Amino acid sequence: MRAFTCCALGGALISLSALAAPELPGPAFPRYADAAALNAACDSGLAGANARVETLENHAPDRGWLAAWDDLDGYIEDASGPVYLLENVHPDQAMRDAAQACTLRWADFGSTLGQNESLYRAARALQPAGDIDRELAKKILEKFEDAGVGLPPDGRARAKALNDRIADLAQRFAKNIRDADVKLAFRTDELAGVPDAVWKTLPRDAEGRVLLGMDYPTYGPVVQLAESEMTRKRMWRAKQDEGGVANLKLLDEIARLRRDYAALFSFDSFDAFQLRRTMVETPANADRFLASVKDAVVEREKRDIEELRRAKAAHLATPLRRTLLHHWDVAFYTERLRRERYAVDQEAFRAYFPPEESLEFVMKIAEKMLGVKHTRVSAQLWSPDVRAYAVSDTKTGALMATLYVDLYPREGKYNHAAVWPIRGGATRNGRAPQSALVVNMDRKGLTLDELETLLHEMGHALHNDLSATRYSSQAGINVKADFGEAPSQMLEDWVYDKRVLKLFAEVCPRCQPVPDELIDKARVARDYGKGLRTARQLLYASYDLALYAADPVEPMALWARMEGQTPLGYVPGTMFPAGFEHIASNYAAGYYGYLWSLVIALDLRTAFAAARLDPVVGARYRADVLSQGGQHPPRELLRNFLGRETNAKAFFDDLARGAGGTAAGKSTASRAATPGS
């Protein structure tokens with residue numbers, strides 16, 4: 001399953017007794033008394049799935065076959081979806097371990113299903129009626145083919161063995177990060193500059209030193225605000241090394257096995273095998289796209305770094321020629337310059353954005369813009385911090401979906417931000433979607449950057465929950481991989497709009513409004529460092545494609561070489577790839593999709609240029625893009641919504657903003673390698 005990053009301030013958790021009646025569309029989230037109960041449910045779910053496969057094998061390839069396939073797909077989703085989520089969020093390690101074992105069994109089931117010759121023959125014999133059925137039939141055939149059903153017997157056996165092994169390795173990779181529970185000890189004087197609220201209540205070691213973890217509410221403020229360079233360096237290095245040497249070995253094997261898998265289909269690289277099913281289509285197109293981005297940011301990256309180096313020299317009163325800027329300096333001096341130049345202090349935003357009300361705020365955006373309401377209902381879930389919401393249409397009141405929200409960090413929880421699309425919807429049988437939004441927010445309040453992250457993840461949830469596709473197999477984020485991040489990235493800009501932020505008063509009348517001038521400054525400050533940030537994303541994307549290219553490479557050596565070619569260089573001994581979970585799992589040969597989707601996202605924003613919350617444009621966006629899921633190709637959805645072919649102009653214009661140059665010619669020069677091609 002693909003997962004698509006208070007009270008002291010006046011906020012308060014809502015009392016369960018004050019919540020709406022527990023009315024949620026679709027099944028309640030399953031509760032397992034213990035690991036044994038989860039194992040038993042896993043047995044039952046797999047038995048049910050196998051029985052349904054046998055029934056489908058006896059179904060004629062007539063007009064009802066696609067619906068029967070979709071029923072099977074929906075059953076699998078209902079039986080396995082919650083387990084995939086619990087593997088990443090359940091507070092009890094025994095439950096997480098049981099869920100991990102269960103998901104491996106589902107992976108084995110999936111690799112077997114993908115090689116079911118009887119179902120493959122039926123899918124090939126279909127004569128779809130209309131574009132939607134044709135698109136689903138095409139997707140089903142591609143899944144069978146990619147699973148190896150068309151290979152000779154020994155090739156099929158090898159493909160299944162590889163699939164199962166890769167699933168196991170990717171799972172272990174994620175677990176090594178999730179369960180590491182790294183803690184670093186610091187004296188209080190070593191935390192000068194870091195707000196007391198970040199560390200004051202954290203546990204201490206026997207010597208009275210504060211123990212800091214790698215969760216984002218702790219890590220972020222330390223690397224951004226700690227005056228001590230050694231403190232920042234220790235935290236940065238620990239974060240870089242998440243997963244450790246064990247994960248480097250796992251990634252090496254994963255890359256090798258994926259290359260072997262692609263070779264079974266006569267592809268010389270996993271890149272080529274994977275990208276043929278995406279918008280970009282080929283590694284050559286992906287390379288050209290990334291080259292066009294690099295061309296636009298390379299000089300700006302150098303200027304950004306030089307400016308930060310000068311800021312460090314001035315701060316430390318050291319000669320510029322002897323002052324070196326390090327990776328662990330970037331966040332600190334970027335924030336320092338933002339404060340000095342633009343009077344923007346990210347930490348100051350926490351007073352304006354208490355977490356509970358921030359969640360209500362992003363839901364209010366969805367209500368005003370897209371016509372959907374979120375109503376909290378009582379539900380017993382995997383942690384007391386988790387809450388459930390019924391999603392309904394504001395005009396009709398009809399219940400549409402369920403959203404679960406897990407806001408705060410805890411030991412053993414997935415430590416980034418993501419949405420799990422637990423259940424896709426379908427209009428043909430009234431199936432209601434369900435999704436889980438998982439973040440790690442600071443209970444004391446959110447920075448503007450963190451509010452942006454929360455809205456990004458809500459974009460993924462809305463993509464799933466507002467889906468109105470005929471088949472659940474095409475619902476929500478079941479789209480081409482390099483389109484999946486566009487709806488979430490589009491919304492990120494909304495938190496910089498003064499009119500949008502006025503909505504906060506509706507969810508929190510007692511909250512002090514953010515001054516307009518502070519937002520104006522934040523918008524300008526956001527463009528600062530854009531070259532360096534974009535270049536970093538470019539490095540991640542390029543590394544991913546290089547790792548899965550035709551020539552075998554050792555992951556750590558490749559990273560040291562590629563990062564070593566950047567202006568900031570490589571820090572000997574660091575192991576960033578050990579924590580790069582995206583490319584060990586479902587973003588393998590696909591991390592470029594973040595930049596590719598951003599091109600699309602900025603083009604989508606042009607429709608909302610006059611008013612971010614325009615309900616008329618929002619209704620069209622909901623109908624033409626979000627509700628369509630993957631039942632039509634992305635370019636068709638974009639054409640319908642924008643009234644034209646998509647292009648990269650808005651992206652390159654935005655990239656040039658604040659750089660002292662223009663984007664003239666960029667969108668034209670790179671059209672052949674961007675989503676507008």
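Which residue follows helix 12, and is its phi positive or negative? The residue is A317, and its phi is positive, near 55°. Keep in mind that this is a predicted model.

## Helix 12 and its kink

Helix 12 covers residues 283-316. Follow the helix along and you'll hit a kink of about 40°, centred on V297. At the other end of the story sits A317, which comes after helix 12 and has that positive phi.

## The five-stranded sheet

Now for the sheet. It's an open one, built from five strands in the order 3-4-5-7-6, with mixed pairing. Strand 3 (372-377) and strand 6 (418-423) are the edge strands, so to speak: each pairs on one side only. From one strand to the next, the twist averages 25°.

Zooming in on one pair, strand 4 (residues 387-393) runs antiparallel to strand 5 (residues 399-406), and six bridges link the two. If you want a spot to click on, try R387, which stands opposite V405 in strand 5. As a general reminder, strands of a sheet pair through backbone hydrogen bonds, whether parallel or antiparallel.

## A helix on the sheet

Helix 15 (residues 448-465) packs on this sheet. It touches strand 3, strand 4, strand 5, strand 6 and strand 7 (434-438). The direction of helix 15 makes about 170° with that of strand 7.

## The second largest pocket

Over to the empty space. The second largest pocket holds about 670 Å³, and 33 residues line it. Nearest its centre are G213, D215, T218, P409 and R410.

Who supplies the wall? Helix 6 (153-178), helix 7 (196-199), strand 2 (210-212) and helix 8 (216-225) each give at least two residues to the lining of this pocket. Helix 7 has the largest share, with three residues. By chemical character, the lining of the second largest pocket splits into 14 nonpolar, 13 charged and six polar residues.

Key. Residues numbered from 1 in each chain as written. Predicted model: local features only at pLDDT ≥ 70, side-chain atom pairs only at ≥ 80, totals over all residues. Heavy atoms only, no water. Bend = angle between axes of the 7 residues up to and from the residue. Helix = DSSP H or I, 4+ residues; strand = E, 2+ residues; numbered from the N terminus. Pairing = 2+ DSSP bridges. Axes fitted to C-alpha atoms, helices over the stretch in contact; angles between N-to-C directions. Contact = heavy atoms within 4.5 Å. 1 Å grid on protein atoms, 1.4 Å probe; cavity = no way out; pocket = protein on both sides within 12 Å on 5 of 7 lines; lining within 4 Å. Points joined across faces, edges and corners; volume = space filled by probe spheres on them. Nonpolar A, V, L, I, M, F, W, Y, C, P; charged D, E, K, R; others polar.
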